[in-house]
Amino acid sequence: MTFNQPATENFEDATPVLGTHGSFTIESIPLKPLLGDTPVAAVDISSIRIGETETGMLCAIRGAIVWKEKGRYKYLRLGPFPFHITEENKKEIYNLFRHHYFEASEDASAPSLINMQTRMGNLLERWLQLGISCSAHDSIILWDGSLTAGTADSPVKVISQLLEIARNRLNTVLAFSKTTNLRLLGHRLTDLAEKSKPPCLLQISGFPLPSGPVFSLGNVYVAKLTPGICSFRLDIDKKVPRERVIEAVQKLLGSDFLIQSYPETLRLAHIFSTFTATEVIGIQRCIAQQYGLKIIARPNVRRLLFGPFGKDFEG
Amino acid sequence: MRLYKKEGNTVQILSFPNDNVEKGDYLLIEDPRVNKKLITQVIDVQFANVPGLLEELLRDSTTEQFVYGEIFDPLEVSSHMNYIQDAWMLLCKIRGTIENEQLGVNVSWLPSRSKSGVKKFPISSLLTHMRDNGNLPINIGETKEAFRFTINAHDLDGKLNIVTGKKGTGKSHLSKLLVLGLIDYGAKVVVLDLNGEYTNLCFSSKGEKNEYHDRVHVLTPGVNLKVSLAQMDLKVMLNILVHALNLPGTSTREFRRIWQSLQQRRVFTLQELGEAIRNWKCNQHVRDALFSRYYSLLNSGFFTDNVAKAMAFEEFFEEIRKGGALILNLRDVSSVDRQIVVEYTLGKLMDLLNQWKIRAVFLFAEEAHLYLRETYWDDIVTRMRHFGVFTTFVTNQPDTIRENIYRQADNIFLFNFTNERDLETVSRAARVDSETVKSIAQDLPPHHCLILGKAVKDFPMVAKVKALDVQTMGHTRLFFTDTN
C-alpha cells in the first residue's frame, strides 16, 4: 500500500519490533528459478489527501491489480474514488466499507478523521486481495506489506480467511515489505542478506514471538532474489509447508521479471495505483466542477509565522 | 484561460485545448477593477509545465507496449486528469491596451492575476477598434474567423514593402492582389517580372479577357519594348555601360566624348555609334572595350534605329493614366540584358518623376537581387522614395535583401519559412520583435500571411490570402502529369 502523503497509521508502524534476546538461527536457502508460466498476480492501492472542506476532508483512493499470464502483463485499475469525509458521515462510510468487504454485520467505531484515508485504503486493499484469492488458482499472489494481523483494518479473522482461501485454491501469498523495522542484534533485518549470494532466502528461526493482539500470520524471510543492493522482508503464510514456500519463490523467479529483488508485477501494481500531482489537480477539478466547490489555497501557518524559516509543509 | 505570468512585454496564459487558440490569435486580458484591457497576441503555444507529468508519461510509456489493461473509473475522473495533462501555456506578446474603448499603447500597468479574465479577441473586433477611416480598401482575403480582411491602399502609398516567404507559399499571388488592388484606385504600377508570372493578369482563369485587360500592358524587351539611342539620356547610358556591362573608367570617359560628338552631329543611331567607335582616336584596348559593350547593346535587341518601333515610356504611362500596370516581362531575357532593361527603366522612371510627368509609381520587383545593382538598394529606400517610386520587393530569398531595407520597410507580408536563417533575416525588421516573426512564420500554412507594419497599424495579423480569378502563371511546369 502506498501513501502519497505521510500517513500516521500504517502496517509498518503496527508491525511488532522483535526482541534481540533468545536464541535464533539464520538459514540461507539457495534458490533456482523454476522456469514455467505460473500466473503471478499483485495488488496495491494508493490513497491521497485531496484537500479540506469546512466540515471535513477530501481524499481519494485507487487500487490496481496486475497479473502476468502467458508472458503478458495485464492490469485493472479501480478508481480513483474521491470521498468527502466528515465527522457526521465517517462512521457510515467506514462501516459501509467494512460490511461490504469483510461481510461483517456488526458496526465498528470509525477511526479519527485523520486516519480515515488510510483505513479506507486498507479496506479496499483487503477486498482486492480477497478477490484475487478467490479467482486465482495455482498462482502466486503478491501483496505489498506484511502478513501482520490484529489491527482494526486487518483483523486476524479476515487475514486468516484470506490466506486460507488462497491456500485452498493452491495459491501462495508472498508479501513483500519495501521497508521494515525488524532488527536482529541491532541490525536491520534486510541488511543480513548483504553478503548472501542471490537468489536466496534467509529464514530466521527462533524469533521471540511478539505478545499482544498484533502478530504476524506468516514466517519472516529476507529475500535477495537478484544481484544488487536491495533485499526485502518477505512474509509467507505459516501454514504453507516449507517445500511449497521454496517452490513458490522459485516459480516467481522463473515466471516474473525481477529488478533489484522486487517483482515486476508488484512494481507495476504500485505504479498503476500511485497518484501523481497532475492526477491530484485533476481530481480537485472534477470535485470542484461536479459539486461546485471553490478551491482556495489555505494559508501556510508556518510560512506566516516563520517566513523563510517555516520550511515544513503545512499538512 | 487565466493570466499566469508577465516578463517584459511577454505574458503567459494558462489555457486548455478546447479554448481553441492558435498562434497569431489575439487575446484580451480584462481587468474589471480598472476598466482596462490588455491586447496580447499568441506567439507560441506550449504544454503547461504541470507537476507530475513526467511520471504520467513514464507510466503510460511503460504500459503502451507490454502491458494491457482496463480502467474502472465510474466517476470518470480520468477525463479530468487527461484534461490537466493537456493544459497549454500560451506565450503572448503585449500589443496594446483598450482604455475607455480607445486603443492605446500604454502598457505600463499590470492587470490583476486573480481578477482578470482572458478571452479571445477576434481580428474583426481589433480592426473595429482601430477605426481605420481608409477609403481605399484592398481585399487581401479573410481572417481565421472568416472575416473579410482588407488593407488600406493609403498604407502602401509612399511606403516600402517586402513580400517574402519560401517557394510555393503564395507570395506572387499576394503581389498580384496588391497590384490589381492598386490599379483599382487608379495607381500606376510597374512590375519587374522575372518569370513572366504577371503577363496574363489581364485574363481570367478561364482565359477570357477580364476587367483589367485594357489596364495591364505587357512589355517584352526586344519585342514590344525597344528604344532608340535618341531617347536615351547620357547618364542612363553610362549607368548601363558601367553597372550592367562593367565598362572601365578610362573607356567610360572616351564613350562620354563619343556620345557628345554624336550629340553635336545630331546623329543618334546604333550604326553611327559603331562607326564613331571605329573611327575614334583612342587606345586600341579602349576601342576593344567599347566595341565589346557596343555589341552587347546591339545584341540585346532592346535598341533600335527604327524610330517607328521605338517606344517611349511616356506613351505607356499615357495609356495607363487612369490606373494600370506595365509588366516588364524579363522572362527569357539574359542576365546582362535584364540589367540593361532595368537600368533604362529605373533611369527613365526617375526622369519622368523629376519632370512631374507622372505623380508617383508603385514598383514591384520580383527577386530584385538578380537585376538590381548594389547602389540602387539605398537609392530605393531613400532618394527614389522621395521622388515617388514606392517599391515592393518580392523574394523567396530574404537574405538577398539588405538589412537596412528590412529596418526601413513599412510593411512586411510574410509567408511561411522553415529555415531558421531566413527567419533570422526577416526578424531584423524594426516593426516587430524577432520572436513574433520566428514563431508565427514557422507555422503558417500555405496561402496564409503574417502582415506586419503600417497596413495593420503595427498589430501583426495573420490572413488567408484570397483566390484570384486571373491566369497567374506562377505554377511550375511539371514533367509528370496527373493521369486522373
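Start by selecting strand 5 of chain A together with strand 5 of chain B, residues 67-72: the two pair in the parallel sense, joined by six bridges. Keep in mind as you go that this is a predicted model. Now label Tyr73(A) and look across to strand 5 of chain B, where Val67(B) stands opposite. If you're new to sheets, strands pair through backbone hydrogen bonds, either parallel or antiparallel.

**Stop 1: where the chains touch**

Widen the view to the contact between the two chains. Here 21 residues of chain A are in contact with 22 residues of chain B. Which elements of chain A give two or more residues to this side? Select strand 5 (72-86), helix 6 (264-273) and helix 7 (277-291) of chain A, and you have them. The largest share comes from strand 5 of chain A, which gives ten residues. Try colouring the chain A side by class: you should get twelve nonpolar, four polar and five charged residues.

**Stop 2: two helices in chain A**

Stay in chain A and pick helix 3 (residues 113-135) and helix 4 (residues 156-168). They pack at an angle of about 25 degrees, and their axes are 8 Å apart. Angles under 35 degrees count as roughly parallel, so helix 3 of chain A is roughly parallel to helix 4 of chain A. The crossing of helix 3 of chain A with helix 4 of chain A is left-handed.

Show the side chains next. From helix 3 of chain A, the contact uses Arg126(A), Gln129(A), Leu130(A), Ser133(A) and Cys134(A). Helix 4 of chain A answers with Val158(A), Leu162(A), Ile165(A) and Ala166(A). Sorted by class, this contact of helix 3 with helix 4 of chain A has six nonpolar, two polar and one charged residues.

**Stop 3: the domains of chain B**

Hop over to chain B and colour it by domain. The assignment gives domain 1 (2-130), domain 2 (137-225 + 311-465) and domain 3 (232-300). How many Å separate the centres of domain 1 and domain 3 of chain B? The answer is 69 Å, taken over C-alpha atoms.

**Stop 4: the sheet in chain B**

Next, find the open sheet of eleven strands in chain B. Trace its order, 10-9-19-18-17-11-16-15-12-14-13, and you'll follow mixed pairing. The edges are strand 10 (148-152) and strand 13 (216-219) of chain B, each pairing on one side only. On average, neighbouring strands of this sheet are turned by 25 degrees against each other, direction ignored.

Zoom in on strand 9 (residues 137-142) of chain B, which runs antiparallel to strand 10 of chain B and is joined to that strand by five bridges. Label Pro137(B) and you'll find Asn152(B) of strand 10 of chain B standing opposite. Then add helix 4 (residues 171-184) of chain B, which packs on the sheet and touches several strands, including strand 9, strand 11 (161-164) and strand 16 (389-395) of chain B. The direction of helix 4 of chain B makes about 160 degrees with that of strand 16 of chain B.

**Stop 5: a last pair of helices**

Finish with helix 6 (residues 249-265) and helix 7 (residues 270-279) of chain B. This pair packs at an angle of about 125 degrees, with axes 10 Å apart, and the two helices are therefore oblique to each other. Their crossing is right-handed. Show Ile258(B), Ser261(B) and Leu262(B) from helix 6 of chain B: they meet Glu272(B), Leu273(B), Ala276(B) and Ile277(B) in helix 7 of chain B. By class, that contact has five nonpolar, one polar and one charged residues.

Terms used. Residues numbered from 1 in each chain as written. Chains lettered and ligands numbered in written order. Predicted model: local features only at pLDDT ≥ 70, side-chain atom pairs only at ≥ 80, totals over all residues. Axes fitted to C-alpha atoms, helices over the stretch in contact; angles between N-to-C directions. Helix = DSSP H or I, 4+ residues; strand = E, 2+ residues; numbered from the N terminus. Parallel < 35°, antiparallel > 145°, perpendicular 65-115°, else oblique. Left-handed = near helix turned anticlockwise from the far one by under 90°. Contact = placed C-beta atoms within 7 Å. Nonpolar A, V, L, I, M, F, W, Y, C, P; charged D, E, K, R; others polar. Domains from an automatic or database assignment. Pairing = 2+ DSSP bridges.
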